[in-house]
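These are my notebook entries from a session spent looking through one structure. I set down what I looked up, in the order in which I looked.

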Amino acid sequence: MIHGIINIYKEKGYTSHDVVAKLRRIVGQKKIGHTGTLDPDATGVLPVCFGKATKLCDLLTDKDKTYETVLLLGRETDTQDISGTVLSEKQTGTVTEADVRSVVASFVGAYVQTPPMYSAIKIGGKKLYELAREGKTVERKPRNVEIFSIDILEMDLPHVKMRVHCSKGTYIRTLCNDVGAKLGCGGCMEELVRTKVSSFVLTEAKTLAEVENFVSDGRLSEIITPVDAMFAHYPALCVTEKWDKFAYNGNALPKDAVGDVPDGHSISDVHRVRLYNSKEEFIGLYDYKKSENKYKLVKMFYTPDV
C-alpha cells in the first residue's frame, strides 16, 4: 500500500471526488482522500493523501491557501462565478483603477464572510448547492475568515487579476462578489487557480496523466511526499527497541524510552516531536510533558502493513 501525499494538479471539469476516483484506478488502491474541495471549473493544487496519510486530510484542509483569480466587474450571478445565472449587470465606466485598489485593499485582514448558496456546506443534512438547485435559499451563518494579503497582478477593467493568500474556509467567489458589491457595480469570479496549500505549490503539481506515467515507469515513489515530511519542523526522536511496542500502542513513554534529543534542543524546550521506532520508521506525533517527565501521544500514524 502507498503511504504519503501526491500534489495533484486538478484540471478543469473534474470535481475533487473525480480526481480521487481516477487515482484509485491509476494506483490500484482504495484508501485515498483529498484535502479540500475545488469547484469543477477551478484548477490547481489538490494534495491527495494515500494510506496512512489519509489521517492528514483534516490537517491539510485546515492550512492557509493561495489562489490566483480573475474578478469580472459589472456582473452579479447566483453562483458568484461566471457559470451562474446572471442576476444583474451594470456599467463599470465610472469605476477607476484607484477605486479598485482601495476597495480590494480594504478586505485584507479579518473578514466576516457569508458562504454562498452554491457550496458544499451542509444545513439540515443537505448540502447548500443541492438546496440551491431546488430553487431554495436558506439563511447562512456568517463566519470569520482572514485575508492575509491580496496582490493585484493585472488590471484591464472590468477584469482584475489578483493573488489571494487566505485562511481556510474562505470562498474566493464570495470575495469577488463582495468586492463588486462594495464598488457598487457588482462582480463575479471569472477564473480560479489554487497555487499553494501548505508546502504544496502549483509548479510541482502533477496531472493525472503524469501520475499514470510515473506508475507505468515504476517511479511513483519519486512524487510521493512521506507522511513525516509534513512535520519536518518538529524535532525527530527514536525510541529504543525495548519501547517499540509501547509506542505502537500509543502508550505514554518515559523520558528514558527515547534516544538523544537533536542538536540545538534541550529536553526542557522540546514540546512536540516526531517519534520513530528503533528502525527509524515513523510512529506519530508526541508531546513532551515536562511536569510528568513523559512523552504522550498526539496523533498516531503507525499501522502495520498487512
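**Aromatic pairs.** I began with the aromatic rings of this predicted model, and a search of the whole structure gave me nine aromatic pairs. I looked up the pair of phenylalanine 231 and phenylalanine 301, whose ring centres are 5.7 Å apart and whose planes meet at 50°, so I entered the pair as tilted. I then checked where the two partners sit: phenylalanine 231 is in the loop between helix 6 (208-216) and strand 14 (236-238), while phenylalanine 301 is in the segment after strand 18 (294-300), so that the pair links parts of the chain 70 residues apart. Both phenylalanine 231 and phenylalanine 301 are buried.

I looked next at tyrosine 276 and phenylalanine 282, which also make a tilted aromatic pair, with 5.4 Å from centre to centre and 55° between the planes. Here too I found each partner covered, since tyrosine 276 and phenylalanine 282 are both buried. Which residues belong to one aromatic cluster? I listed Phe231, Tyr234, Tyr276, Phe282 and Phe301, which puts the members of both pairs above into that cluster together with Tyr234.

**A lysine over a ring.** I also noted that lysine 182 lies over the face of phenylalanine 107, at 5.4 Å from the ring centre.

**Helix 5.** I checked the length of helix 5, which covers residues 172-183: at 1.5 Å a residue its twelve residues should span 16 Å, and I found its end C-alpha atoms 17 Å apart, which agrees. Is this helix mostly covered or mostly uncovered? I recorded helix 5 as mostly covered, with nine of its twelve residues buried. Those buried residues are Ile172, Arg173, Thr174, Leu175, Cys176, Asn177, Val179, Gly180 and Leu183. Just after the helix, I noted that glycine 184 takes a positive phi of about 85°.

**Cysteines.** How many disulfides does a search of the whole structure find? I found zero. Cysteine 176 is in no disulfide, and the nearest cysteine sulfur to it, that of cysteine 188, is 7.9 Å away. Cysteine 188 is likewise in no disulfide, and its nearest cysteine sulfur is that of cysteine 176, at 7.9 Å. I took the cut-off into account here: a disulfide needs two cysteine sulfur atoms within 2.5 Å. I then looked up the accessibility of both residues, and with a relative accessible area of 0% I entered cysteine 176 as buried; cysteine 188 is buried as well, with a relative accessible area of 0%.

**Lysine 255.** I located lysine 255 in the loop between strand 15 (253-254) and strand 16 (272-276). Its relative accessibility is 36%, and therefore I counted lysine 255 as partly exposed. I also looked up its separation from glutamate 292, which is 37 residues away along the chain, and found 9.3 Å between the two C-alpha atoms.

**The whole chain.** Last, I turned to the chain totals. I counted seven helices and 18 strands, and of the 306 residues in the chain 44% are buried. Among contacts between residues at least 6 apart in sequence, 66% join residues at least 24 apart. The chain exposes about 15600 Å², and carbon and sulfur atoms supply 47% of that area.

Methods: Residues are numbered from 1 along each chain as its sequence is written. This is a predicted model: local features need pLDDT of at least 70, side-chain atom pairs count only at pLDDT 80 or more; totals for chains, interfaces and linings use all residues. Side-chain values use heavy atoms; hydrogens and water are left out. Buried means under 20% relative accessible area, exposed over 50%, partly exposed in between (1.4 Å probe, protein chains only). Helices (H or I, at least four residues) and strands (E, at least two) are DSSP runs, numbered from the N terminus. The expected span of a helix is 1.5 Å times one less than its number of residues. Rings of Phe, Tyr and Trp (its six-membered ring) pair if their centres lie within 6.5 Å; planes under 30 degrees apart count as stacked, over 60 as edge-to-face and the rest as tilted. A charge sits over a ring if NZ of Lys or CZ of Arg is within 6 Å of the ring centre and within 35 degrees of the ring normal. Contact means heavy atoms within 4.5 Å. Accessible areas come from the Shrake-Rupley method with a 1.4 Å probe; for residues, only the protein chains shown count as cover.
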